[in-house]
Each structure stands twice: as C-alpha cells, then as structure tokens.
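Reader: I am new to this structure and would be grateful for a close look at a single part of it. Please begin with the sheet and then follow what surrounds it.

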Amino acid sequence: MLLKVNGDTHDVGAPDHWTLLEVLRYRLGFTGTKQGCDKGDCGACTVLLDGEPVLACLMLARLAEGHEITTIEGLAPLHVERGGTGVDPVQDGFDRCGALQCGFCQSGMILSARALLDANQSPTDADIREALAGNLCRCTGYTQIIEAIRLTVAEQHGTRPPRRAWERPAVDDLDPRTGA
C-alpha cells in the first residue's frame, strides 16, 4: 500500500488487518504516535488525516491510502512549509506552559489542538475542551494543556493570554485608581 505521511509517500508492506497505528509505529518508525488503549479511548494514537484528527488504532491502514497523514514528527516541518519558523506554535505553547508532563498524551493532544486551530482561529474554552475530549492525560495536566492552547491563540492574534489564576496581575493590568 502507498501511504503519504508527513509529505512523503511510503510503499508499505503490511498485513491487511494492521491498523494505521501499527503501520506508522512498526513499519515506518513514527513512534511519536503512541500505542495506548488500542480501543479508541485514550487518544494517544491521534494523527491528522487530511487535517482532521483520527484515532490511528481504530483505522485500518489500507483505508488511509490516498489521504495525507500528519504525525507529530511532521508538524514542525509542515509549519515551516507554511512559512513559519521553528516548531509549530502549539508545540511551543505546550513547552512554554509546562503541558508536556510525562509526554504520553502529548502528540495526540497537540495534533488535536492543531486541527482545532486550523478550523477555528478563535476557539472558546468550551471549543478547546470539546476538541480535546477524545484525548486523556494520565498526569491530569489539563490546566496547562488548555493554557497552552489559549497562549497559542492569543499570540496568533497579537494579544496577551488570559492571566492564570495563581499569577499576580501584571502592572499593566492593574487599575491605577485601586491598584487591583
């Protein structure tokens, strides 16, 4: 079968019953796509198929033929191809907000967030939670994950992200009349 992954076409020999996850990890070496529950519950295997998040553990690899597959390994090069520099802004936001934790859910979360921001450049918190609903974090790091996406959105709009609950207000945010 021919699979287009991260912009490159691969001629892959694999049994017909293999999932996209198995082909990506064990035939092509894209180990950023994690093998978690193998039943569609955790989202660790999330990849983008034509820009939409899919669970690679539930999809037969042969059904991905003729589609563009993006794994976490292809996100930064895709960002550069689109005119950016460095890693994708979502990856940068996750790093800067400490949303990486153990890293097991990281690639699925980041790819789900990238798909959301490609479809909706101004998501609400409810939109963010809905987009991430299929991705489980074993470290309970959801606060930092949502903050990472908020940061990415704010920077895309040239604004400041919302202040974190535990942060002191910046001097610019203080009311000069009350100091609060």
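How many bridges join strand 1 to strand 2, and do the two run parallel or antiparallel?

Author: The model is a predicted one. In it, strand 1 (residues 2-5) and strand 2 are joined by four bridges, and the two run antiparallel. One of the pairings sets L2 against D11 in strand 2. Further along, V5 has D8 of strand 2 opposite. Two residues lie between the strands of this hairpin, and N6 has a positive phi near 55°.

The hairpin belongs to a wider arrangement. Strand 1 and strand 2 are part of an open sheet of five strands, whose order is 2-1-5-3-4 and whose pairing is mixed. The edges are held by strand 2 (8-11) and strand 4 (52-55); each of them has a single partner strand, so one side of each has no neighbour in the sheet. From one strand to the next, the twist averages 40°. As a general matter, side chains in a regular strand alternate between the two faces of the sheet.

Helices accompany the sheet. Helix 4 (residues 106-119) packs on the sheet, where it touches strand 3 (46-49), strand 4 and strand 5 (68-70). The direction of helix 4 makes about 30° with that of strand 3.

Strand 5 and helix 4 also take part in covering helix 2. The buried residues of helix 2 (residues 72-81) are I72, G74, L75, A76 and H79. Their cover includes strand 5, helix 3 (89-96) and helix 4. Just after helix 2 comes G83, with a positive phi of about 105°.

Helix 3, which helps to cover helix 2, has a further contact, with helix 6. Two packed helices are described by the angle between their axes and by the distance between those axes. For helix 3 and helix 6 (residues 142-156), the angle is about 130° and the axes are 8 Å apart. The two helices are therefore oblique to each other, and helix 3 passes helix 6 in a right-handed crossing. On the side of helix 3, the contact is made by P89, V90, G93, F94 and R96. These meet I145, A148, I149, L151, T152 and E155 of helix 6. By class, the residues of this contact comprise seven nonpolar, two polar and two charged.

Key:
Residues numbered from 1 in each chain as written. Predicted model: local features only at pLDDT ≥ 70, side-chain atom pairs only at ≥ 80, totals over all residues. Heavy atoms only, no water. Pairing = 2+ DSSP bridges. Axes fitted to C-alpha atoms, helices over the stretch in contact; angles between N-to-C directions. Contact = heavy atoms within 4.5 Å. Buried < 20%, exposed > 50% of the residue type's maximum accessible area, 1.4 Å probe, protein only. Parallel < 35°, antiparallel > 145°, perpendicular 65-115°, else oblique. Left-handed = near helix turned anticlockwise from the far one by under 90°. Nonpolar A, V, L, I, M, F, W, Y, C, P; charged D, E, K, R; others polar.
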